[in-house]
4 protein chains.
Amino acid sequence: MGSLRQRSGTSRRTRDASDQETQDARTRILDAAERLFAGGGYEATPTAEIARLARVPKGLVFHYFPKKIDVLVALIDERTLVEEAPEVEAVPGDAARSLSRLARRLPLRASPAMRRILFREADTHGSVRDRLGRLNGEIIRRARFALELALPTPRGDAARLEVAAVTFAAVLLHQENLCQLTGHHIDPDAVAELIAHALG
Amino acid sequence: MGSLRQRSGTSRRTRDASDQETQDARTRILDAAERLFAGGGYEATPTAEIARLARVPKGLVFHYFPKKIDVLVALIDERTLVEEAPEVEAVPGDAARSLSRLARRLPLRASPAMRRILFREADTHGSVRDRLGRLNGEIIRRARFALELALPTPRGDAARLEVAAVTFAAVLLHQENLCQLTGHHIDPDAVAELIAHALG
Amino acid sequence: MGSLRQRSGTSRRTRDASDQETQDARTRILDAAERLFAGGGYEATPTAEIARLARVPKGLVFHYFPKKIDVLVALIDERTLVEEAPEVEAVPGDAARSLSRLARRLPLRASPAMRRILFREADTHGSVRDRLGRLNGEIIRRARFALELALPTPRGDAARLEVAAVTFAAVLLHQENLCQLTGHHIDPDAVAELIAHALG
Amino acid sequence: MGSLRQRSGTSRRTRDASDQETQDARTRILDAAERLFAGGGYEATPTAEIARLARVPKGLVFHYFPKKIDVLVALIDERTLVEEAPEVEAVPGDAARSLSRLARRLPLRASPAMRRILFREADTHGSVRDRLGRLNGEIIRRARFALELALPTPRGDAARLEVAAVTFAAVLLHQENLCQLTGHHIDPDAVAELIAHALG
DNA sequence: TATGAATGAGTCTTCATTCAT
DNA sequence: CATGAATGAAGACTCATTCAT
């Protein structure tokens, strides 16, 4: 359950039992919800189950999150981060490797469970959908930027470059989402190479 | 609400053709469920609501579908068809146009509502997930086949061709699913052209 | 628990156990609610308690009355009747006795419990308030009418007659409502006599 | 929110007079409760809402009033005063005007909100009912006294005078309570005149 | 085959009240 | 005195499912 906001200072601790027990109730609730939402889905998870797993009384869940949906929103809000910094990861002159790097490090700071939730609950609440949209946009932006840096100027068709970026983003998100369900696998490096070749 | 299987024998019926009212209860139930599942999701749709929209008594829903999940399964089963016939749509010598044709006619016979359900409820039941997986596989197979036919022999790298097929399938499904949620748009023709160029 | 809509045919029955047991669930629910609302008030009465007293499962209450307030509304609607027929009860020439008769038979068909509810829950729902308002209006109308018939023409001040009617209505309703709480008693006959004297 | 008891000693305080903000917590709590009870009723008002409106922490409400009902009792106790002093307001020789004066100044020191609470929550707690009963009694006593003073001796029937007093009290209380709900209006002066005429 | 009343476990949510700090 | 997290019993309402007719 990788929380995004671990208080600093916790890191040096010897990771003793305090992790499990001492952590404040709100965090434990979110931890539990993260696990359960990822497993069975938002709708199928009773708040009582969240409380039980978090070892807090039922009422406390509503003390922190007046409505059930607020738990999901808080989760998306606090444990999902779409990095929008202009980090440049491009390898000049090597479009394939530039895309590969992007694939290896999606601009999404989130635990595997939170990723599952992000894709699974896109219909459940606008905030989830928004976050997903922003992720999509950011990936496209980065892919575009990486390609711009990687390709020698003057590059060819600008529109084609855009299509390449969009395509690569589609593949990455498809892999995060449906591939997990259908069992198919995609090798992003191979796709990167393909796209680079198309632009080269 | 385009039902897939109401064709055989229906034409000869002497019963009046007032499709809307006279249609048998089972069909009306599925119609209602299709609309509601697509709109609010399976979990959030009460069977009573289905019955109301279908203008049938509540008990009748359970007469035809003993468990609620059976409605969803029947929907997937009867109103979703992944065409696995070896229809060849390739344009020899023109990979881009071959892929474009594939994009224009996904091997999926299903109403827009059913498509939404297919993607949305992938987690809900194995049968949905299976169907989705089969769709994915079929698209890849067709893309591969189309490319094989379109490209001049001897083609280059077989592995690259496979990657191209997978990539194109990813884009098509991504468009069907997440693009509808995030609001992004992809032009499949442009992607087809890009991929063709990569293989050319 | 005097239901207003006793099906005809029930009357001849020998009032055996069927009264208690055979009566349909909806009626038993209303019976229970009538008793409990009159006793502890609407807000303080849980629906579960209604179900228990009615010997029906909890869910059935909501089968008939989707919202708790609907029970109260149904009660007011079905077990409270403000008689608005122009029944004349006046004794020509005897205003006092005319008013006395009115007092003896309020134009309100309702059990004592329902009367308690009517006054007690006036704040709870508009339908209750409306009914109460109509009762008030009807009493005034009748009092006015009775006085008009009773007094010899030409009567004196029409305005005074109106005030008399309003005053008498106030006394009757006050007696129905607050007197029960404060423990005071009013003799309507004496008030009737007083008013008659004022007009005489 | 006219508090009844904040008079003594408050004047000498050196604390700044910013009544609104500085006022002690207990007073603010009662102010909030007065408003909320009058608006939505005692049962429907959560203590948390009282605390919020009073801008005090939830726990403080229970510091001052260990049980929720204590807030209501304190309100009735401190912000409701039935004046039982033998103030004579009669106009000798003019019964109508004597009663009118009584109507104009009920022996009830309470804000409009408190008046609403007094009538509305008569069922909620004995203390409210008692206060209401005492108010009723006091009005009758005053009406009787006023009439005794106003009418020339020897007066006529003592019983009739009593009935007149009771009737007038009924009208006044009816006006305070049900008239506000039903929307009817009564002119106490006209009633006073009517009654005076009856006795005259 | 058709029907809607019946069932009761379960769901979200509320709230008075306590209590450690 | 003051505070707000903690508690858990209770409340309204939902809903899949059963079943007698």
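Partly exposed, in this talk, means a relative accessible area between 20% and 50%. Below that a residue is buried, and above it exposed. Keep those cut-offs in mind. One more point before the details: this is a predicted model.

Let me start with a residue that needs that definition. Arg55(B) has a relative accessible area of 46%, so it counts as partly exposed. Its backbone is worth a look too. Arg55(B) is not a glycine, yet its phi is positive, about 55°. Where is Arg55(B) placed? It sits in the loop between α3 (47–54) and α4 (58–64) of chain B.

Now chain A. Arg55(A) also has a positive phi, near 55°, and again the residue is something other than glycine. Its place is the loop between α3 (47–54) and α4 (58–64) of chain A. Is Arg55(A) buried, partly exposed or exposed? Its relative accessibility is 41%, and therefore it is partly exposed.

Staying with chain A, here is the overall layout. Chain A has 11 helices and 2 strands. In sequence order the pattern reads α-α-α-α-α-β-α-β-α-α-α-α-α. Chain A has 200 residues, and buried ones make up 52% of them. Next, contacts in chain A between residues at least 6 apart in sequence. Of these, 71% join residues at least 24 apart.

On to the interfaces. First, chain A with chain B. Each side is easy to state: 35 residues from chain A and 35 residues from chain B take part in the contact. How much area do chain A and chain B bury between them? About 3,100 Å², with 68% of it on carbon and sulfur atoms. There are 6 salt bridges between chain A and chain B. Take Arg120(A) and Asp123(B): their side chains meet in a salt bridge, at 3.3 Å from N to O. For polar contacts across this interface, the count is 12 residue pairs, both partners at pLDDT 80 or more.

Which elements of chain A give two or more residues to the side that touches chain B? They are α7 (112–120), α8 (126–150), α9 (158–176), α10 (178–182) and α11 (188–199) of chain A. The largest share comes from α9(A), with 9 residues. By class, that side of chain A has 19 nonpolar, 9 polar and 7 charged residues.

Next, chain D with chain C. Here 35 residues from chain D and 35 residues from chain C are in contact. The area buried between chain D and chain C is about 3,100 Å², and carbon and sulfur atoms give 68% of it. The salt bridge count between chain D and chain C is 6. One to find on screen: Glu193(C) and Arg160(D), whose side chains come to 2.6 Å, N to O. Polar contact links 13 residue pairs across the interface of chain D and chain C, both residues at pLDDT 80 or more.

On the side of chain D that touches chain C, the elements giving two or more residues are α7 (112–120), α8 (126–150), α9 (158–176), α10 (178–182) and α11 (188–199) of chain D. Of these, α9(D) brings the largest share, 9 residues. The class split on that side of chain D is 19 nonpolar, 9 polar and 7 charged.

One residue to pick out here is Asn177(D). It is found in the loop between α9 and α10 of chain D. Its relative accessible area is 5%, so Asn177(D) is buried. What does Asn177(D) touch, leaving out residues up to four places away in sequence? Asn177(C) and Leu178(C) from chain C, plus Arg116(D) and Phe119(D) from chain D.

For contrast, look at His185(C). This residue lies in the loop between α10 (178–182) and α11 (188–199) of chain C. His185(C) is exposed, because its relative accessible area is 70%. His174(C) is 11 residues away along the chain, and the two C-alpha atoms are separated by 9.9 Å.

Last topic: the cores. The largest nonpolar core has 134 residues. Which of its residues touch the most other members? Phe37(A), Phe168(A), Phe37(B) and Phe168(B). Zoom in on Phe168(A). Not counting residues up to four places away in sequence, it touches Leu99(A), Leu102(A), Ala103(A), Pro188(A), Val191(A), Ala192(A) and Ile195(A). Another core lies apart from the largest one and has 132 residues, among them Ile117(C), Leu118(C), Val61(D) and Ala74(D).

That is the tour. Questions are welcome.

Notes. Residues numbered from 1 in each chain as written. Chains lettered and ligands numbered in written order. Heavy atoms only, no water. Contact = heavy atoms within 4.5 Å. Buried area = accessible area lost by both parts, 1.4 Å probe. Salt bridge = Lys/Arg side-chain N within 4 Å of Asp/Glu carboxyl O. Polar contact = N/O pair within 3.5 Å; in protein donor to acceptor, adjacent residues only side chain to side chain. Helix = DSSP H or I, 4+ residues; strand = E, 2+ residues; numbered from the N terminus. Nonpolar A, V, L, I, M, F, W, Y, C, P; charged D, E, K, R; others polar. Buried < 20%, exposed > 50% of the residue type's maximum accessible area, 1.4 Å probe, protein only. Core = buried A, V, L, I, M, F, W, Y, C linked by side-chain atoms within 4.5 Å.
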